Amino acid sequence: MFTKSFFPVLLFAFLGSHKTFAQDSLVQNAVQDSANISKLDIEDKAHQFSYKKLIVPASFISYGLASLSIKELKQLNSSTKDEIKEHQPDHIRLDNYTQFVPAAMVYGLNAFGVEGKHNFRDRSIIYGTSMLITSAITVPLKHITQEERPDGSNHLSFPSGHTAIAFASAQFMFREYKDTNFLLGVSGYSFAVFTGVYRMLNDKHWFGDVIAGAGFGILSTELAYWLYPKINNLLGGKKEKSQVMIMPYYQKGNAGIGLIKNF
């Protein structure tokens, strides 16, 4: 009698515990899925288009374009040049290198374990796109506007290409680190400002050229982040487990560089 009544009770207890375990598993899976979706949403926001991101570059570009024709702004260009000339600064060419420093810092920091928002492949696509956009904007504009440089060397002054690249690189560094280390993210702008200032000190650009260059550089990087998902899809989509490693090798007297890609 005890045995007959015991087995139904045991079976009921087993089914109840199994049901509870299944519910707990479903809840746990739902939480994990929700976390994954939230992570994807955060990542996607980095590539979403927003008019707010255009306020600063649009303001800089508008000022630069206005300086080409508005009398008061052209006078400001001239007075800035005269002020610089009075102090007779040494002409150094560090601006040829500082324009790339923020981008180099992103790759250097990642190599030392300070990770940015994207992996090597993704950030290379983004930065490469930014550089292409920067060149596609600044080079034609130089030939269209035909503005004479302050030193009279040619008529390719507007906008400042060095400054555009510098601010595109600085914006790239900011976007990669602003969520994890804000101070580190904004540090790239110091090199961008240095580049712009020295383009004027070296008598290669007017003040308006530099301001416009900064605007075009920031705009190029913002466009690159927005275009990245589309470009990534054209390249075959994001491969979560894909890894790329570039490393030197030396074997039997032969030296070179090897590329290892894991799909």
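Reader: In this predicted model, what share of the contacts with a separation of 6 or more comes from residues 24 or more positions apart?

Author: The idea is to ask how far along the sequence two touching residues lie. In this predicted model, residues 24 or more positions apart account for 70% of the contacts in the chain that have a separation of 6 or more.

Reader: Which secondary structure elements does the chain contain, and in what order do they run?

Author: One lists the elements, then reads them from the N terminus. The chain has ten helices and two strands. Their order from the N terminus on is α-α-α-α-α-α-α-α-α-α-β-β.

Reader: What part of the chain is buried, and how much surface is accessible?

Author: A residue counts as buried when its relative accessible area is under 20%. By that cut-off, buried residues make up 36% of the 263 residues in the chain. The accessible surface comes to about 16200 Å², and 65% of that surface belongs to carbon and sulfur atoms.

Reader: How should one read the packing of two helices, and at what angle do α5 and α7 pack?

Author: One takes the geometry of the axes, then the residues that meet. Helix α5 (residues 101-111) and helix α7 (residues 161-177) pack at an angle of about 35°, and their axes are 7 Å apart. On the α5 side the contact is made by Pro102, Ala103, Met105, Val106, Tyr107, Leu109 and Asn110. These meet Ala166, Ser169, Ala170, Phe172, Met173, Glu176 and Tyr177 in α7. Sorted by class, the contact of α5 with α7 holds eleven nonpolar, two polar and one charged residues.

Reader: How many salt bridges are there, and which parts of the chain does the pair of Lys204 and Asp151 tie together?

Author: The criterion is a side-chain nitrogen of Lys or Arg within 4 Å of a carboxyl oxygen of Asp or Glu. By this rule there are six salt bridges. In one of them, Lys204 pairs with Asp151, and the closest N and O atoms are 3.0 Å apart. Lys204 lies in the loop between α9 (188-201) and α10, whereas Asp151 lies in the loop between α6 (120-145) and α7, so the pair ties together parts that are 53 residues apart in sequence. Asp151 is partly exposed, since its relative accessible area is 32%.

Reader: Are the partners Glu222 and Arg175 buried or exposed?

Author: Here one combines the pairing with the accessibility of each partner. The side chains of Glu222 and Arg175 meet in a salt bridge, at 2.7 Å from N to O. Glu222 belongs to helix α10 and Arg175 to helix α7, so this pair ties together parts that are 47 residues apart in sequence. Glu222 counts as buried at 9% relative accessibility, and Arg175 is buried with a relative accessible area of 3%.

Reader: Which residues are linked with Asp179 in a network of salt bridges?

Author: A network is read by following the pairs from one residue to the next. Lys117, Lys178 and Asp179 are linked in this way. Within the network, the side chains of Asp179 and Lys178 meet at 3.3 Å, N to O. Asp179 is exposed, with a relative accessible area of 53%, while Lys178 is partly exposed at 28%.

Reader: Which residues form a nonpolar patch on the surface?

Author: One looks for accessible nonpolar side chains that join up. Phe49, Tyr51 and Trp226 form such a patch, with about 360 Å² of accessible area together. Trp226 is placed in helix α10 (residues 207-234) and counts as partly exposed at 31% relative accessibility.

Reader: What does Phe207 touch, residues up to four places away in sequence not being counted?

Author: One leaves out the sequence neighbours and lists the remaining contacts. Phe207, which lies in helix α10, touches Tyr63, Leu76, Asn77, Thr80 and Met200. At 27% relative accessibility, Phe207 counts as partly exposed.

Reader: Where is the backbone to be examined for a cis peptide bond or a positive phi?

Author: One inspects omega for the peptide bond and phi for the residue. A cis peptide bond joins Phe158 and Pro159, with omega about -10°; Pro159 is found in the loop between α6 and α7. Gln146 is also placed in the loop between α6 and α7, and has a positive phi of about 55° although it is not a glycine. Asp203, in the loop between α9 and α10, has a positive phi near 65°.

Definitions and conventions: Residues numbered from 1 in each chain as written. Predicted model: local features only at pLDDT ≥ 70, side-chain atom pairs only at ≥ 80, totals over all residues. Heavy atoms only, no water. Patch = residues over 30% accessible without salt bridge, like charges linked within 9 Å, V, L, I, M, F, W, Y side chains within 5 Å. Areas by Shrake-Rupley, 256 points an atom, 1.4 Å probe, with all protein chains shown as cover. Helix = DSSP H or I, 4+ residues; strand = E, 2+ residues; numbered from the N terminus. Buried < 20%, exposed > 50% of the residue type's maximum accessible area, 1.4 Å probe, protein only. Axes fitted to C-alpha atoms, helices over the stretch in contact; angles between N-to-C directions. Contact = heavy atoms within 4.5 Å. Nonpolar A, V, L, I, M, F, W, Y, C, P; charged D, E, K, R; others polar.
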